[in-house]
Amino acid sequence: MPDLSRARLQDLIAAGQVSVDGKAAKASYRLRGGERIEVAVPPPEPAQVAAESLALDIRYEDPDLLVVNKARGMATHPAPGTRSGTLVNALLACVTDLSGIGGELRPGIVHRLDKDTSGLLVVAKHDRAHRALQAQIQARTASREYLAICWGRFSAHEGTIDAAIGRHPRDRVRMAVVPSGRRAVTHYLVVEEFRDASLVALRLETGRTHQIRVHLAHLGHPIVGDPTYSGGRKSPIKVAGQMLHARRLAFAQPTTGARLVFEVEPPADFQRALDYFRRR
């Protein structure tokens with residue numbers, strides 16, 4: 001059921017909405033083969049997240065979707081400890097129709113950006129658009145490109161990082177490159193080199209949690225300002241988070257099939273950091 005996230009399916013199992021041969025089953029139930037599995041997906045519940053009148057930079061809107069330039073410091077959706085001030089809170093105040101596939105805390109959210117990553121993301125207004133956009137991401141026909149300022153100079157000016165990502169074996173809050181993780185692929189191109197840093201363009205082939213941040217740290221080139229994966233290395237200038245920006249987003253419009261392409265320049269703090277390294 002590719003249109004439902006793993007977390008959503010786990011919630012349905014816990015709620016008794018998944019049966020094996022007519023009986024509700026736990027997630028730990030081991031299948032033997034030949035069983036009939038039924039999944040009952042209830043209609044989306046109205047989002048219980050409070051609508052908030054927050055500034056949003058909406059770059060495009062049609063009856064199926066919106067494209068938003070998310071500000072650095074704004075979480076994409078509510079989570080434990082972050083119930084307000086998110087993109088979802090802001091969307092609920094200005095959009096009356098959002099898809100329910102993501103559950104009541106993530107209405108309309110097709111893909112996410114980390115709180116301190118700025119840039120473009122697409123939001124679905126209804127379930128058909130949500131499924132179509134997710135299918136494009138999974139089929140890799142949607143394109144997501146980023147800019148990052150990284151520590152150090154790369155030995156190869158372009159390449160592909162193909163390294164599985166999973167939970168860090170000791171720090172469960174962090175992700176890491178681990179053999180037991182899920183395959184993750186990031187393509188990179190060095191755009192500009194400085195004395196002790198590089199400006200890099202990146203394209204996601206997969207979409208794992210913290211993928212770009214983990215992959216660059218794994219190469220020995222953590223992102224400047226990353227509080228989690230930079231190994232304690234401090235940014236030489238004050239920044240509000242990792243210097244990672246979702247610069248370009250391209251996909252097919254779910255109804256018409258027309259190719260939509262959006263680009264947005266990095267925010268002011270990213271540009272200040274870039275100017276600093278250029279001066280050096």
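Me: How many bridges join strand β1 to β2?
Reply: Keep in mind that this is a predicted model. Strand β1 covers residues 18–20 and runs antiparallel to β2. In the open sheet the order is β2-β1-β3, and Ser19 stands opposite Ala24 in β2. The number of bridges joining β1 to β2 is two.

Me: Which strands are the edge strands of that sheet?
Reply: Three strands make up the open sheet, with antiparallel pairing. An edge strand here pairs on one side only, and that fits β2 (23–24) and β3 (37–39).

Me: Is His168 buried or exposed?
Reply: You'll find His168 in the loop between β9 and β10. It touches Arg174, Met175 and Ala176, leaving aside residues up to four places away in sequence. Buried means under 20% relative accessible area. His168 has 12%, so it counts as buried.

Me: Which residue does Lys125 form a salt bridge with?
Reply: The closest N and O atoms of this pair are 2.8 Å apart. The pair links distant parts of the chain, 64 residues apart, with Lys125 in the loop between β6 and α3 and its partner in strand β4. Lys125 is buried at 9% relative accessibility, while the partner is partly exposed at 44%. That partner is Glu61.

Me: How far apart in sequence are the parts that Asp162 and Arg183 tie together?
Reply: Asp162 and Arg183 form a salt bridge, with their closest N and O atoms 2.6 Å apart. Asp162 lies in strand β8 and Arg183 in the loop between β10 and β11, so the parts they tie together are apart by 21 residues.

Definitions and conventions. Residues are numbered from 1 along each chain as its sequence is written. This is a predicted model: local features need pLDDT of at least 70, side-chain atom pairs count only at pLDDT 80 or more; totals for chains, interfaces and linings use all residues. Side-chain values use heavy atoms; hydrogens and water are left out. Helices (H or I, at least four residues) and strands (E, at least two) are DSSP runs, numbered from the N terminus. Buried means under 20% relative accessible area, exposed over 50%, partly exposed in between (1.4 Å probe, protein chains only). Contact means heavy atoms within 4.5 Å. Two strands pair if DSSP finds at least two bridges between them. A salt bridge is a side-chain nitrogen of Lys or Arg within 4 Å of a carboxyl oxygen of Asp or Glu.
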